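Trainee: I should like to understand how the terms used for this model are justified. May we take them one at a time?

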Number of protein chains: 2
Amino acid sequence: MTSNRPPTSVDVARAAGVSQATVSYVLNDNPNARVSEETRQRVRDAAARLGYVPDASARTLRTGRSGIVLVPLSPARTGGLVRDLLDDLGEELRPRGYTLVQYGERHLKGVPAAKVWAGLRPTAIIVEADRLTRASVDLLRASGTRTVIGFSDAPSPLVPAVVMDHESVGACAARHLAERGRRRLAAIVPREEGVDLMGVGRLRGVRQVAPDAERIDLAFTEEAARAVATRHDLPDGIFAYNDEYALLLMSALQDAGVRVPEDVAIVGADDLLLASLVRPRLTSVHFDTTATPAGMAAYIDELVRGDRTAEPGSVISIYGPRLIVRSSS
Amino acid sequence: MTSNRPPTSVDVARAAGVSQATVSYVLNDNPNARVSEETRQRVRDAAARLGYVPDASARTLRTGRSGIVLVPLSPARTGGLVRDLLDDLGEELRPRGYTLVQYGERHLKGVPAAKVWAGLRPTAIIVEADRLTRASVDLLRASGTRTVIGFSDAPSPLVPAVVMDHESVGACAARHLAERGRRRLAAIVPREEGVDLMGVGRLRGVRQVAPDAERIDLAFTEEAARAVATRHDLPDGIFAYNDEYALLLMSALQDAGVRVPEDVAIVGADDLLLASLVRPRLTSVHFDTTATPAGMAAYIDELVRGDRTAEPGSVISIYGPRLIVRSSS
DNA sequence: CCTCGATAGTTATACGTATAAGCGCTTGAT
DNA sequence: ATCAAGCGCTTATACGTATAACTATCGAGG
């Protein structure tokens, strides 16, 4: 520990016998800088020897870009699939120089939300498309955000979007239940804010197949599930929104003496590992996503670097639902 | 949209007819600034009208502090309990002006890791204590990190630590299994890097009660679980590290025709909602944590603001394990 | 009238980086 | 011999904020 504070580019410059500007040019591989290979090496050696790490905030201030990929959604409430996807996306983004920041925040929409987000000067932002407006997108762009990506169940007129086709998920589940001879179908719609929209989308899909399918709103608690399970007029086939709700409901049904799948067939979604671990094993809608974390990271990188332009309305990925039949249906 | 870029404190100053310094004094409620209440209002009005949001990077550069609470662990691998706790902690920290950043990153240790972390100039950092050294703590402190909190199974000589007493978790589970008449005990140790240490701690606790308990290393895959479940010399009581591993193992045992709990009793840990949803319901070690998210957020805030000093070796919280007996044991 | 102290601000500066602009030196062409 | 052009660097500056240091005004007290 020779020095007490982390080394700056000025320290590196002094150690290499050059100016601070040269250090910056070399370490950023700036193409319009003319520096001899010999000097480049001296700089790189000095940087390595001192253990130089650029100050993220200074770089952000100077460039107006932060390398932050902001995800202002609360993945805890979104289910295991999204949570895992975000974790993987973060891993893929890091080696490219980005930092994925989760900003669990659900109250704000439109311009007020955009102002809060803009304070972090994120390089990119991935957010539910329904929280965006034309003005908020403009604000973000003006404040240095290079890439705004929506997250939605339909292409967005404002931004490119990661699209989950919720209707086809619901339809896929309902078709299966109908084939199994179930006539009185229902779809669970989560009561949680934010998630409910997806639930409604999936319900719509169910009703494409079974127009009179019942809508059951359900909070994620055991009491709420019990209330549903003890109804006297239970449907005989339920699409439970996702695997977690499916498990919650299935447990309550078993407690109430209702047999799954004999009395009521249950279909989940996300095809979590969980689904094959519980008994009865859970039939689930699996997503064949074309948006692998690596692919999304590369796409974001291309947009940020300007190698590709972000067409509003364009779709990053459609999740193709496919049913994994197990024993709960 | 009058302006195209987000307003700065200079814009607010111009709008309020004062200097930029005054704006800063007012909006930060700086106590040694002498500003009349009338002017304060003018400034606040102007800021509100323009929708001013301070630039996080400029503030960080100036102060050397970022408001970032860095958590360089990969919660996806840590289990549902830690993941939920971090989500809640983030919610609690936000209104206090901090931003919790998860930095899923497992390779680095000691000074190299500290250098990467220091690049973000975090205000506080919560990290596994075994990834810290004296030198890395010094480096973090020197680079402006006010608070370094360890995460460990024992008090740390370097920093205050959130302590999970893994041994007592294992002992709690083992005592229960022994009372149930189980004689050939085993404890699962996850094969995942980082988590394995906690697994070993819990195994130690099991062996305090049953000295010859077997150690079973298990990767989190169905194949690995099947390999264990089809052994001919199965133990009759297994502490499965946590609920997720317990469910994985229980499923494999059921597939192999082994009855739970008749042939093999299973105990999990974390007492996730999951545990009461599966069949048989999972006996689990519940944590009575004194470290509520709100309490931890307040503690961090006090340390950062200097209202409290961080005594190395001090313990933020001990998790008191308590068994929730259900039907898997 | 002058000083003093308080009040209510302002001016100036630094944080660490990226980059535009400039500057001396060499080289090749005329 | 002179000039232009290129090379290899340096100098200077701006990003937006927080804060130390300073200044102008005013009322009171001598």
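**Terms and the values behind them**

Mentor: Let us begin with the surface near DNA strand C, whose residues divide into ten nonpolar, eleven polar and six charged. Ala, Val, Leu, Ile, Met, Phe, Trp, Tyr, Cys and Pro count as nonpolar, Asp, Glu, Lys and Arg as charged, and the others, Gly among them, as polar. The model is predicted: local features need pLDDT of at least 70 and side-chain atom pairs pLDDT 80 or more, whereas totals for chains, interfaces and linings use all residues. Residues are numbered from 1 along each chain as its sequence is written, chains are lettered from A and ligands numbered from 1 in the order in which they are written, and side-chain values use heavy atoms, with hydrogens and water left out.

Trainee: Which residues come nearest to DNA strand C?

Mentor: A residue is near a strand if one of its heavy atoms lies within 4 Å of it. Of the 27 residues around DNA strand C, A:Ser9, A:Tyr52, A:Arg62, B:Ser19 and B:Thr22 come nearest. Sugar and phosphate make up 52% of the atoms of DNA strand C that come within 4 Å of the protein.

Trainee: What makes the approach of A:Tyr52 to a phosphate oxygen of DNA strand C a polar contact?

Mentor: A polar contact is a pair of N or O atoms within 3.5 Å; within protein, one must be able to donate a hydrogen and the other to accept it, and residues adjacent in sequence count only if both atoms are side-chain atoms. An N or O atom in the side chain of A:Tyr52 is 2.5 Å from a phosphate oxygen of DNA strand C, so the pair qualifies. For A:Arg59, a polar side-chain atom lies 2.7 Å from a phosphate oxygen of DNA strand C. With A:Ser9 a polar backbone atom is involved, at 2.6 Å from a phosphate oxygen of the strand.

Trainee: Why is the pair B:Arg134 and B:Asp138 called a salt bridge?

Mentor: The term requires a side-chain nitrogen of Lys or Arg within 4 Å of a carboxyl oxygen of Asp or Glu. The closest N and O atoms of B:Arg134 and B:Asp138 are 3.9 Å apart, so the pair meets the definition. Because they are four residues apart in helix α7 (residues 134–142) of chain B, about one helical turn separates them. Helices (H or I, at least four residues) and strands (E, at least two) are DSSP runs, numbered from the N terminus.

Trainee: How many salt bridges are there between chain A and chain B?

Mentor: The count between the two chains is six. One of the pairs joins B:Asp55 to A:Arg121, with the closest N and O atoms 3.0 Å apart. B:Asp55 lies in the loop between α3 (37–50) and α4 of chain B, and A:Arg121 in the loop between α6 and β3 (124–128) of chain A. Both B:Asp55 and A:Arg121 are buried.

Trainee: Why is B:Thr147 called buried, and B:Glu91 partly exposed?

Mentor: Buried means under 20% relative accessible area, exposed over 50%, and partly exposed in between (1.4 Å probe, protein chains only). B:Thr147 has 1%, so it is buried; B:Glu91 has 29%, so it is partly exposed. B:Thr147 lies in strand β4 (residues 147–152) of chain B. Leaving aside neighbours within four places in sequence, B:Thr147 is in contact (heavy atoms within 4.5 Å) with residues including B:Ile125, B:Ile300 and B:Leu303.
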